[in-house]
Amino acid sequence: MLHKTKGIALKLTNYSESSVVVQVYTESFGLQSYLVNGAKKPKAKIKANLFQPLHLLELIVYHKDNNNLQRISEAHQTPPLLDLPYNIVKSSIAIFLNEVLYKSLKQQQHDGFLFNFIFQSIRYLDETDHSLANFHLTFLIKLSMFLGFLPNVGTKVLPYFDLREGNFSSSLPAHSEVLQPPHTEIFHQLIGSTYASAALLKINKEERALLLSKMLDFYNIHVANFGEINSVYILEEIFR
């Protein structure tokens with residue numbers, strides 16, 4: 001049966017000389033793998049370059065429950081990304097977000113709220129003229145809410161954040177998986193920020209790098225088989 005759904009391209013893998021398999025996070029079915037025959041041919045109906053990381057898609061798909069490999073009838077980039085593919089800062093952030101999403105969404109089923117959050121975040125990244133130095137940190141915090149482990153803020157800022165428990169604490173935990181002052185206060189500010197307000201926060205490169213490292217530790221604790229994010233070095237280069 002044919003279904004119409006929005007999608008977000010995450011990964012493309014060569015399948016044969018002319019065909020590819022693409023992983024797409026869809027609004028209707030969650031993360032799905034699609035075989036696209038002939039996608040690398042010059043006159044392909046559905047071209048492989050349509051599935052560049054984080055491209056926003058309108059799809060008409062064949063879907064069968066429990067099939068590991070689905071098929072696409074039609075695909076269009078809607079809305080097209082006008083700045084992100086050509087802006088070195090935005091495209092570098094997109095590489096990082098794409099890797100985080102691919103590793104985080106493997107176990108995710110259909111979730112319209114999560115899909116809309118990711119979809120609108122990509123649109124913001126593409127369209128904004130604001131500073132993006134703190135965008136990836138804010139994205140990780142907001143994504144954690146949809147994945148079920150948003151930090152528990154409480155009513156006041158406490159000096160320590162326990163990565164294992166996801167709570168702020170007045171005492172230092174008896175393990176090393178903790179965020180300490182002065183970074184806890186910055187982290188607390190980021191939790192309450194929008195993308196636009198996060199752009200106004202003054203965070204130096206050392207603070208930003210430490211916060212990112214701790215937040216990825218946080219994901220490793222709470223997302224099964226999350227592993228290492230290889231694209232971190234790209235962010236370190238562009239936000240020196």
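This passage describes strand pairing, helix packing and aromatic contacts in a predicted model.

The strands of a sheet pair through backbone hydrogen bonds, and they do so in either a parallel or an antiparallel manner. In the model, strand β2, which spans residues 20-26, is mostly covered, since 7 of its 7 residues are buried. The side chains of β2 point in two directions: V20, V22, V24 and T26 point one way, whereas V21, Q23 and Y25 point the other way, and all of these residues are buried. Strand β2 pairs with strand β1 (residues 2-14) in the antiparallel sense, and 7 bridges are found between β1 and β2. Within this pairing, V22 of β2 stands opposite L12, and the connection from β1 to β2 is a hairpin of 5 residues. Strand β2 also runs antiparallel to strand β3 (residues 30-36), to which it is joined by 7 bridges. Here V20 has V36 in β3 as its bridge partner, and the hairpin formed by β2 and β3 has 3 residues between the two strands.

A further sheet is made of 3 strands, which are arranged in the order β7-β6-β8; this sheet is open and its pairing is antiparallel. Because β7 (167-169) and β8 (178-179) stand at the edges and each has a single partner strand, one side of each is left without a neighbour in the sheet. Strand β6 (residues 160-162) is paired with β8 over 2 bridges in the antiparallel sense, and F161 has L179 in β8 as its bridge partner. Helix α4 packs on this sheet, where it touches β6, β7 and β8, and the direction of α4 makes about 145° with that of β7.

The packing of two helices is described by the angle between their axes together with the distance between those axes. Helix α4 (residues 183-191) packs against helix α6 (residues 205-222) at an angle of about 75°, and the axes of the two helices are 11 Å apart. Since angles of 65 to 115 degrees count as roughly perpendicular, α4 and α6 are therefore roughly perpendicular to each other. In this contact, H183, I186, F187 and L190 of α4 meet E207, L210, L211 and M215 of α6. The residues of the contact of α4 with α6 divide into 6 nonpolar, 1 polar and 1 charged.

Aromatic rings provide a further set of contacts, and the structure holds 15 aromatic pairs. In one of these pairs, the rings of F117 and F146 have their centres 4.9 Å apart and their planes at 20°, so the pair is stacked. This pair links distant parts of the chain, as F117 lies in helix α2 (residues 112-127) and F146 lies in helix α3 (residues 135-147), 29 residues apart. With a relative accessibility of 10%, F117 counts as buried, whereas F146, at 23% relative accessibility, counts as partly exposed. The rings of Y219 and F226 have their centres 5.4 Å apart and their planes at 45°, so this pair is tilted. Both Y219 and F226 are buried. These two residues also belong to one aromatic cluster, which is formed by F149, F161, F168, F187, F218, Y219 and F226. Among the members of this cluster, F161 is the residue that has L179 in β8 as its bridge partner, and F187 is one of the α4 residues that meet α6.

Terms used
Residues are numbered from 1 along each chain as its sequence is written. This is a predicted model: local features need pLDDT of at least 70, side-chain atom pairs count only at pLDDT 80 or more; totals for chains, interfaces and linings use all residues. Side-chain values use heavy atoms; hydrogens and water are left out. Buried means under 20% relative accessible area, exposed over 50%, partly exposed in between (1.4 Å probe, protein chains only). Helices (H or I, at least four residues) and strands (E, at least two) are DSSP runs, numbered from the N terminus. Two strands pair if DSSP finds at least two bridges between them. Axes are lines fitted to C-alpha atoms, for helices over the stretch in contact, and angles run from 0 to 180 degrees between N-to-C directions. Angles under 35 degrees count as roughly parallel, over 145 as roughly antiparallel, 65 to 115 as roughly perpendicular and the rest as oblique. Contact means heavy atoms within 4.5 Å. Ala, Val, Leu, Ile, Met, Phe, Trp, Tyr, Cys and Pro count as nonpolar, Asp, Glu, Lys and Arg as charged, and the others, Gly among them, as polar. Rings of Phe, Tyr and Trp (its six-membered ring) pair if their centres lie within 6.5 Å; planes under 30 degrees apart count as stacked, over 60 as edge-to-face and the rest as tilted.
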